[in-house]
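Got the viewer open and a hand on the mouse? Let's take a walk through this protein, one selection at a time.

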Amino acid sequence: MKKLFITGLLIFFGLTFGHAQKSELPEMVSAYVSQLFPNEKIKTVEVDKRDYWETYEIKMSGGTELSFDQNNQPTEIKCKNGIPASALPLNIAGYITKNHPNIKILEYEMDEEGHEVELESGEELEFDSEGNFVEID
C-alpha cells in the first residue's frame, strides 16, 4: 500500500511539474526571451500545470533564470549580467533609467503586492502594483 501511494505521488508530480521543450513555450514567452536575451540559449524549461493554467520556469545557458505566470507575464528574472530595462514594466524602467543610470539590474520580482528590483549596487527598489516607486530597501 505504501509503495502504491508513493508511486501515485511520483506520477502526480511528474505530470504537474514537467520538463518541456522550447517549442512548447507560448509564442509570447518565447519571443520575450529571445528578444531580451539574444546571446543566451534556453537550457531547461519547467512547466507547472494546474487545472486551468500553466506557469513556466526557464533557465538559460548564461545562468539567467525567468519565471512566467499563467498570463505569460514575467514574475521573476535573475541575471548576473544585467537585465535590460526594457524587460521591466514601463514605469519601473523609466524610474530606474532616470534615477539609477548605468547601474545593472540583477533581479526583478512581481507579485500581487507589487514589484521589487535589485540593483548591482545592492539597493532594492520597491514599487506598488501599478509600478509607482515606493521605497529603497
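**Stop 1: two salt bridges**

Select Glu76 and show its side chain. With a relative accessible area of 25%, Glu76 is partly exposed, because buried would need a value under 20% and exposed one over 50%. Keep in mind as you click that this is a predicted model.

Now add Lys78 to the selection. Glu76 and Lys78 form a salt bridge, and their closest N and O atoms are 3.4 Å apart. Lys78 counts as partly exposed too, at 31% relative accessibility.

How many salt bridges does a search of the whole structure find? It finds 2. For the other pair, select Asp48 and Arg50: they form a salt bridge with the closest N and O atoms 3.0 Å apart. Check how covered each partner is. Asp48 counts as buried, at 13% relative accessibility, whereas Arg50 counts as partly exposed, at 43%.

**Stop 2: zoom out**

Switch to a cartoon view and colour by secondary structure. You should be able to find 3 helices and 9 strands in the chain. If you follow the chain along the sequence, the pattern reads α-β-α-β-β-β-β-α-β-β-β-β.

A few overall values go with this view. The chain has 137 residues, and 34% of them count as buried. The accessible surface comes to about 9,100 Å², with 50% of that belonging to carbon and sulfur atoms. Among contacts with a separation of 6 or more, 35% are between residues 24 or more positions apart.

**Stop 3: a charged residue under cover**

Next, select Asp69. Look for it in the loop between strand E4 (65-68) and strand E5 (74-78). Is there a salt bridge here, or none? There is none: Asp69 is buried, and the nearest side chain of opposite charge, Arg50, is 13 Å away. A salt bridge needs the nitrogen and oxygen atoms within 4 Å.

So what does the side chain of Asp69 reach instead? One partner is the backbone nitrogen of Gln73, at 2.9 Å. Another is the backbone nitrogen of Asn71, which lies 2.9 Å from a polar atom of the Asp69 side chain. Show the surroundings as well: leaving out residues up to four places away in sequence, Asp69 touches Glu54, Thr55, Thr75 and Met110.

Stay in this loop and click Asn72, which also lies between E4 and E5. Its phi is positive, about 65°, although Asn72 is not a glycine.

**Stop 4: another positive phi**

Jump to Asn102, in the loop between H3 and E6. Here too you'll find a positive phi of about 65° in a residue that is not a glycine. Is Asn102 buried or exposed? Asn102 counts as exposed, at 83% relative accessibility.

**Stop 5: into the nonpolar core**

Select Ile58, Leu66, Ile96 and Val117 and show them as spheres. The largest nonpolar core has 27 residues, and these four touch the most other members. Several elements give two or more residues to this core, including helix H2 (27-36), strand E2 (42-49), helix H3 (90-99) and strand E7 (114-119). Which element gives the most? That's H2, with 4 residues.

Centre the view on Ile96 for a closer look. Not counting residues up to four places away in sequence, Ile96 touches Leu88, Pro101, Ile105, Val117, Leu119, Leu125 and Phe127.

**Stop 6: a threonine between strands**

Now pick Thr64, in the loop between E3 and E4. Thr64 counts as buried, at 1% relative accessibility. Add Glu40 to see a polar contact between the two side chains, at 2.6 Å. Neighbours within four places in sequence aside, Thr64 is in contact with Phe37, Glu40, Ile58, Lys59, Lys78 and Cys79. You've met two of those names already: Ile58 from the nonpolar core and Lys78 from the salt bridge with Glu76.

**Last stop: Glu126**

Finish in strand E8, where Glu126 sits. Use the distance tool between the C-alpha atoms of Glu126 and Ile92: the two residues are 34 apart in sequence and 9.5 Å apart in space. Then show what is in contact with Glu126, leaving aside neighbours within four places in sequence: His115, Glu116, Asn132, Phe133, Val134, Glu135 and Asp137.

How values were computed:
Residues numbered from 1 in each chain as written. Predicted model: local features only at pLDDT ≥ 70, side-chain atom pairs only at ≥ 80, totals over all residues. Heavy atoms only, no water. Buried < 20%, exposed > 50% of the residue type's maximum accessible area, 1.4 Å probe, protein only. Lys, Arg positive; Asp, Glu negative; His and termini not counted. Polar contact = N/O pair within 3.5 Å; in protein donor to acceptor, adjacent residues only side chain to side chain. Contact = heavy atoms within 4.5 Å. Core = buried A, V, L, I, M, F, W, Y, C linked by side-chain atoms within 4.5 Å. Areas by Shrake-Rupley, 256 points an atom, 1.4 Å probe, with all protein chains shown as cover.
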